[in-house]
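Biologist: Got a minute to walk through this one with me? I'd like to poke at the packing, the charges and the odd backbone spots.

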Amino acid sequence: MTVRRRCPRLPTLCLILALATMLLGANAQDQEVAKTTPDGANKPERVSRDLLALYDFQSDAGRLVRDRSGVGQALNLRIEEPRNVRRASGSLEVRKKTLIRSEEPAAKIIQAVRRNGEISIEAWLTPASLDQSGPARIVSISGNSSNRNVTLGQDGEQFDVRLRTGDTSNNGLPSLSSPKKSLRPSLTHVVYTRDRRGQAKLFINGKPSAKRTISGKTANWAKAYRLALANEFSKDRPWLGTYHLVAIYGRALSLDEVTQNYEAGVDGQTGPPVLAESSRSPKEKFFDEEIVPILSKHCLECHDTATQKGDLDLSKKAKAYALSDGEEVIIPGKPMASLLWEVVESDEMPAKREPLTSVEKERLHQWISDGAVWTTEEIDPLAHTFDRRATVNFVRRLTVSEYIESVRTVTGVDIAKEAREILPPDIRADGFSNTAYNLSVDLKHVESYAKLARIIVSRMDVFEFAKRYSKKKLDLTDNTMRKFIATMGRHFLRGDLDEAEIAAFRGITTTIASTGGTMEECLTTMIEAMLLSPRFTYRVENQRGDGEVWPVSEFELATRMSYIILGSAPDRELMALAESGELFASEVMEAQIARMLEDPRAVKRSIEFANEWLNLDRLANMSPNAERFPQWSADLGRDMKEETLAFFEEVVWKQARPLADLLNAKITFASPRLAKHYGLAISGDGLAKYDLSSVPERGGLLTQGSVLTIGGDEASMVTRGLFVLQDLLRSGVKDPPPCVDTTPVASKPGLTLRSIAEERVANKSCGGCHGKFEPLAYGLERFDGIGAYHQADEHGNQLREDGEILFPGTAKAVPYRSSAELMDLLAGSDRVSQCLTWKVAQFAVGRPLGQPDALILDKVHQEAQDGGGTYASVIRAIIKSDLVQKTNTEADHEN
């Protein structure tokens, strides 16, 4: 909602101020105020992104001062002594001592600052005099005169700001003060900002006035403190003067933004609240989360770009609202006049399918009534398969490989062999085994972690290890041990420990020492305890907020970056940058991404992605018909897996080519056994690199045995086509009706698998779906069930490799004459590149992605393509996006 301030007397007031400035020779700061405060046609709109609270004092009467930010639960203020203030539309003059305070804690502000360490406090005000000190409280989130989170105050002729951090006192000292004589008893715009790196700045009338480093984290902000204006809660630090506007942001405004708000003037308009760049309006959320799944499930089978039955395409925004002849299908705000609602409400559509449920109809009607808001240009065809519960991703267990690498990073111990033998294997879900909602912990895990912890500490020199975190010799005194626990625990548990956690670990050492235990036993037991902590075996994030999208904390960002790129806990360099807040600086983040991408573990992590995406571990369990495929062996399956992973490393890392080149790169790697299977001239004894430029049928993932075997013994065009549709083109079709016989039809003399597929595609009952995926496999017909190439099948039928491909979202199929041409078409398709971005992103964030993520992923894909479309450019774009930089919070009702 745009907030407009009404101040009919302001132009006259400003003219008076300007005249006074000229006559009295006021300084340049006052001249700037006079020039910019009158209403003007070209004034900018005030900054609204990450606004948390806004008080514009519109009401001219009453005890209540309303929070007009429109963000979260309103933090309204109450005037304790209304007779001591004078209210007018657009101002509140404090004439005598009073307190203007919130009834409840300033939770939305406190949670935001605790999370990200950033804040901006802005005020348009006129001090009553220059003899106010203490400092006199202008804006304060505090408990009393000695304990605060933050205070903007007046100390004579200076502004003074006190901020509580881990490195300042409970009173927020040392403070940041503006220069002497910088505060005047005239209309003034003052802004205080503090960023994650501790850079605190004061701006007066749009210009920098003071700065200093206020180091330390803000995780120690008291949750119970309330917001106050004009006094302290102890009522002994009164401030007198006039408020025109007070705004609080959950981040540090830039100089340009401070200038923008200053130039907007005291009566500037504030745009609609924007908590984060990825935030969606309620109507946009409703479309993405409620309407898109309905359209995907019930409509796109017949009404997408390729099919367009009845000349209706509901897959794209540009075509959904009307037919080509102009007849309106969806009329925003008028469901009863909309053709879509008419055919759905009467159960005329979907034809020959289950009608929409009453709940689905109600949602569709509500959507049209509310204006039929449509977000992305093309909706997600797989939206109906997306489980929104999967987006809850605040706690996730480390996978086996992540646990191994985390132990190695933190302790230096290689526990890989034992961990793979002892820990239960991770189970695939939604295409990957690192899917958060599927990473549960059972008794077997608990027992395994305990056993592994004992093995790990037995291989450590605990005294030498302790030197990393304590420069002096350790003793069991409370102060020494607590500091040691906090420092070591930060690295083990990937973030700061609270007092309760420090006390718990300190209790271990106290108990051991009280029974005559040695320092070595204390250290060994404490390290074991940290290895068994849920904060080590899980990735735990703070989800408290107001239900909106918030920035992640510094340690959460470091942890996300490290596990995405390296599959391991953040190292000490990354943790140090997180602790200082420097990691959020774009140049520092870029440098750290580049550093980690040079780490050999980044290659290993990407190969893990390829293995998961293509499900290559299934090759170890394959058992094709021995009579039909006598050449098959477990060793051949293992060679196929090694081929694909070596090929992936070569294309992605050694040649640094775009990910799409995985579809048509004319190279491969093969053992002598696999080379013979492919009909290649054997080169060397081990896994060797082969140039395929003279082998037209080979080149790219789809021509490798590891992928071709997904079709089973029959080289099913259904299975192969669905793989291309779902895993390369990011599209899909619904499951066949229960009444349909899905038993595969075998080939025979005179009847090839392709001709069988063509019959299904031509069938009116089947073709609507089968026509979208089986033709995608026509070019692979010459490859049998285990990836060998033949011109004819076992019955002597001649096989083909020509066909045509219909890319999702297009209406016209593109012909190809050979499998090589098919590979080139796929490699050149932006749809394929986009799908690969989605796949890497899903593995990176550890959860399924869907329509709610589409806008972010569009930006990620574009940025990645601008960077060359390589794996590194995709990873870089993902980390810099809101998928990683932001988190969905849950409303915190704690007082």
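Modeller: Sure, what follows is a quick tour in questions and answers, and keep in mind that this is a predicted model.

Biologist: Core first. How many residues are in the largest nonpolar core, and which have the most contacts inside it?

Modeller: That core has 104 residues, and the ones with the most contacts inside it are Ile565, Leu662, Leu702 and Leu826.

Biologist: Pick Leu826. What is it in contact with, leaving aside neighbours within four places in sequence?

Modeller: Leu826 is in contact with Leu663, Leu702, Val724, Leu729, Ile805, Phe807 and Val832. Apart from that core there is another one of 50 residues, and Ala112, Val150, Ala210 and Ile248 are among its members. As a general point, nonpolar side chains in soluble globular proteins tend to be buried together.

Biologist: And on the outside, which residues make a nonpolar surface patch?

Modeller: Val441, Leu443 and Val446 make one of about 250 Å². Leu443 belongs to helix 11, which runs over residues 443–458.

Biologist: Why does Leu443 count as exposed?

Modeller: Because its relative accessibility is 58%, and the cut-off for exposed is over 50%.

Biologist: Let's look at Trp341. Where is it, and is it buried or exposed?

Modeller: Trp341 sits in helix 7, residues 339–345. It counts as buried because its relative accessibility is 9%. Beyond its close sequence neighbours (within four places), Trp341 is in contact with Pro335, Met336, Lys361, Leu364, His365 and Ile368. Also, its C-alpha is 8.4 Å from that of Val329, with the two residues 12 apart along the chain.

Biologist: Switching to cysteines. How many disulfides does the structure hold?

Modeller: Zero. Take Cys769, which is in no disulfide: the nearest cysteine sulfur belongs to Cys302 and is 7.9 Å away. A disulfide needs the two sulfurs within 2.5 Å. Cys769 counts as buried, at 13% relative accessibility, and Cys522 counts as buried too, at 1%.

Biologist: OK, charges. How many salt bridges are there?

Modeller: The structure holds 67. One of them pairs the side chains of Glu118 and Arg196, at 3.6 Å from N to O.

Biologist: Where do Glu118 and Arg196 lie, and what does the pair tie together?

Modeller: Glu118 is in the loop between helix 3 (107–116) and strand 7 (119–127), while Arg196 is in the loop between strand 12 (188–194) and strand 13 (199–204), so the pair ties together parts that are 78 residues apart in sequence. Glu118 and Arg196 are both buried.

Biologist: Got one that links helices?

Modeller: Try Lys604 and Glu405, whose side chains meet in a salt bridge at 2.9 Å, N to O. This pair links distant parts of the chain, with Lys604 in helix 20 (residues 600–613) and Glu405 in helix 9 (residues 400–411), 199 residues apart. Lys604 counts as partly exposed at 47% relative accessibility, whereas Glu405 counts as buried at 7%.

Biologist: And which residue does Glu608 form a salt bridge with?

Modeller: Arg605, with the closest N and O atoms 3.4 Å apart. Glu608 and Arg605 are three residues apart in helix 20, so about one helical turn separates them. Glu608 counts as partly exposed at 22% relative accessibility, and Arg605 counts as buried at 4%.

Biologist: Which residues are linked in a network of salt bridges?

Modeller: Arg78, Glu80, Arg101, Glu103 and Lys235. Lys235 also has a backbone quirk: its phi is positive, about 60°, although it is not a glycine. Lys235 is in the loop between strand 15 (226–229) and strand 16 (241–249), and it is partly exposed, with a relative accessible area of 39%.

Biologist: What about Asn205, what is its phi?

Modeller: Near 50°, again a positive value in a residue other than glycine. Asn205 is in the loop between strand 13 and strand 14 (207–213), and it counts as buried at 4% relative accessibility.

Biologist: Last one: where are there cis peptide bonds?

Modeller: One joins Gly134 and Pro135, with omega about -10°, and Pro135 lies in the loop between strand 7 and strand 8 (136–144). The bond from Leu173 to Pro174 is cis as well, with omega near 5°. Pro174 is in the loop between strand 10 (158–163) and strand 11 (176–177).

Methods: Residues are numbered from 1 along each chain as its sequence is written. This is a predicted model: local features need pLDDT of at least 70, side-chain atom pairs count only at pLDDT 80 or more; totals for chains, interfaces and linings use all residues. Side-chain values use heavy atoms; hydrogens and water are left out. Patches are made of residues with over 30% relative accessible area and no salt bridge: like charges are joined within 9 Å, nonpolar side chains (Val, Leu, Ile, Met, Phe, Trp, Tyr) within 5 Å. Accessible areas come from the Shrake-Rupley method with a 1.4 Å probe; for residues, only the protein chains shown count as cover. A salt bridge is a side-chain nitrogen of Lys or Arg within 4 Å of a carboxyl oxygen of Asp or Glu. Helices (H or I, at least four residues) and strands (E, at least two) are DSSP runs, numbered from the N terminus. Buried means under 20% relative accessible area, exposed over 50%, partly exposed in between (1.4 Å probe, protein chains only). A nonpolar core is a set of buried Ala, Val, Leu, Ile, Met, Phe, Trp, Tyr and Cys residues joined through side-chain atoms within 4.5 Å. Contact means heavy atoms within 4.5 Å.
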